[in-house]
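This report describes how a protein chain and an RNA strand are arranged against each other in a predicted model. The sequence and structure are shown here.

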Amino acid sequence: MANEAPELLQKREVKVRREGLPDLENAEHGKVVLRFAPNPNGPLSFGHARGLVINSTYREKYDGTFILRFDDTDTKVKPPMLDAYRSIEEETEWLIGRKPDRVVIASDRIEEYYQHAMQMLEGGFGYVCRCSAEEFKVHRVGMTICPCRGQSNEDNVVLWNSMLKGVFKPGDAVVRVKTDMTLKNPALRDWPALRLQDTKAHPHPRPSVASNYIVWPLLDFQSAVEDHLQGVTHIIRGKDLMDSTRKQKLLYEHFGWSYPETMYWGRVKVHEWGGFSTSQMRKDVEAELYDGWSDPRLPTLQALKMRGIDSKALRSFWLELGITQKDISVPLATLYSHNTKVVDGTAPRLTFVRHPITFTLEGEAPSEISLPVHPNDASMGVRTWSLGSKEILLEGEDLEKMDLRLKEFADVALNDTIASMGSMERNDKRPIVHWLSSDQCRECILRYTKDNEIHHVNGQVETHAYTAGTIVQLERIGYARVMEDDSLLLCHEDHGEENA
RNA sequence: GCUCGCGUGGUGUAGCCAGGUCCAUCAUUACGGGUUUUCAUCCCGUCGACCCGGGUUCGAAUCCCGGCGCGAGCACCA
């Protein structure tokens, strides 16, 4: 067969379904260097997870290097938040399951950027532009050359030193990369590389940086230079930065460097959340509209973790989406289904009765019963309930029928406040309900989020000793996380609302 | 306006570069059924898609041209 039609065999091989992420272009095992570069103007959110997951997964795949880089070069528009440096490192480790191989902070590297700026001016492929933003826009749109462009290299160096010395105010001077004012894409025409910032009025939050510098690189310059310095081989990022790549390539050509391979993903929205921004969240958190950054209504990684979303679920979620350039909108149900798969096998079962109603048990009841901690895993042991008090709690919603089966126990017939025991064996189709023995429970609040509000249901939970952070499954209700204050928070929202 | 990118079932996704075994993959959702002393897990099944119009070709989801739709960039933000 192979001899008769080799091309058919070859074709079939190509069409085999690909497992996981596609191969990287020009990737050599052990030599791939990737990075993820957030602005620490707040903790990481859902969308950041994509960059972390994709890049770190390639790091594993190629046994390469993964760099976490803080792009903290703006002190006014999107000022960094001091706490975020620490929390981003923690969130990164939580999500990708290891520390980054290297951490780089842009604000520690200003002198490097200065050197390259100087090189650029001396090499004649950059210039200090003293046009206002409005003036330059006219040139950009009109494809005309601005007067500053013709300055000699020496003049540019003099002006550069004046910038450093604080001769100019923010807005009065900027360093531009000389590209070509007639480029088809207006975004690329003599783009700005470094600018002035009033760091007296807007100091950098890191004490070691504070007001030390007034000249700061812009993203495209900082990122380009740093990628080169760190030996980054592959850049995988959002497609909103496609023009960034084009700008940076032009700079790389000037420097004689070769640009990394690039890949992009499209925009992602979540049905339930719509659009959100770190800046807006920061305002809302600071205005105390939310209970901190880990408020379960927020799309931050902290909040997701607090909601009981496992990092493995987040990883498989983003890996499933892959790196297509399509702009998509996904429902949370997709994330939840990943989470269920991760969590179900190990979530101990627990009973929670919402708005409990007490009945007295009548009949020949054993003094105690035992029920499995997990129905599919006997090794997780049993929970033992005492029935000494003969008092049981049922959920109001379940009382429409008078003949019920108490889960893992016995049939009962309800009459007024009496529950008369029937068969211990199951021998009819009466509904099975969850219930509690009053010997084995305590008051508890069950919280859940819905429509950007936190709701709660009062009830009784089976006595347990699970520590904060444990994901349990409330039988017939859903997965929940044991909270620090001993309340429970539903992982996948909704539910619990029937009696609320 | 200029520039760039993207359009496969309800939602995602594979296939597209190297056209045929694609009456299109897998997952998820919804619905139905089975297992189960949970409305969980697990298993089975059903519904459901190549943006439109031309062209090339024996043959187009795949290549070409044109349209339409959506998104992003054109910041001294990242």
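In this predicted model, helix 1 gives the most to the surface near RNA strand B, with four residues. Helix 1 (6-14) is one of several elements that each supply at least two residues of that surface, and among the others are helix 5 (133-142), helix 8 (242-255), helix 11 (311-321) and helix 12 (332-343), together with strand 6 (192-196), strand 11 (328-330) and strand 18 (403-406).

Sorted by residue class, the surface near RNA strand B holds 27 charged, 22 nonpolar and 12 polar residues. Among the 61 residues around the strand, those that come nearest are Lys-78, Arg-140, Ser-329, Arg-476 and Tyr-479. Of the atoms of RNA strand B that come within 4 Å of the protein, 70% belong to sugar and phosphate.

Three individual contacts with RNA strand B, one to a phosphate oxygen and two to a base oxygen, are set out below.

| Residue | Protein atom | Atom of RNA strand B | Distance |
|---|---|---|---|
| Lys-341 | polar side-chain atom | phosphate oxygen | 2.8 Å |
| Arg-405 | polar side-chain atom | base oxygen | 2.7 Å |
| Glu-408 | backbone N or O atom | base oxygen | 2.7 Å |

Glu-408 thus appears in the table through a backbone N or O atom, whereas Arg-405 appears through a polar side-chain atom.

As for the overall layout, chain A is divided into domain 1, which covers 109-217, and domain 2, which covers 349-490. The centres of domain 1 and domain 2, taken over C-alpha atoms, are separated by 67 Å.

Key
Residues are numbered from 1 along each chain as its sequence is written. Chains are lettered from A and ligands numbered from 1 in the order in which they are written. This is a predicted model: local features need pLDDT of at least 70, side-chain atom pairs count only at pLDDT 80 or more; totals for chains, interfaces and linings use all residues. Side-chain values use heavy atoms; hydrogens and water are left out. A residue is near a molecule or strand if one of its heavy atoms lies within 4 Å of it. A polar contact is a pair of N or O atoms within 3.5 Å; within protein, one must be able to donate a hydrogen and the other to accept it, and residues adjacent in sequence count only if both atoms are side-chain atoms. Ala, Val, Leu, Ile, Met, Phe, Trp, Tyr, Cys and Pro count as nonpolar, Asp, Glu, Lys and Arg as charged, and the others, Gly among them, as polar. Domain bounds come from an automatic or database domain assignment.
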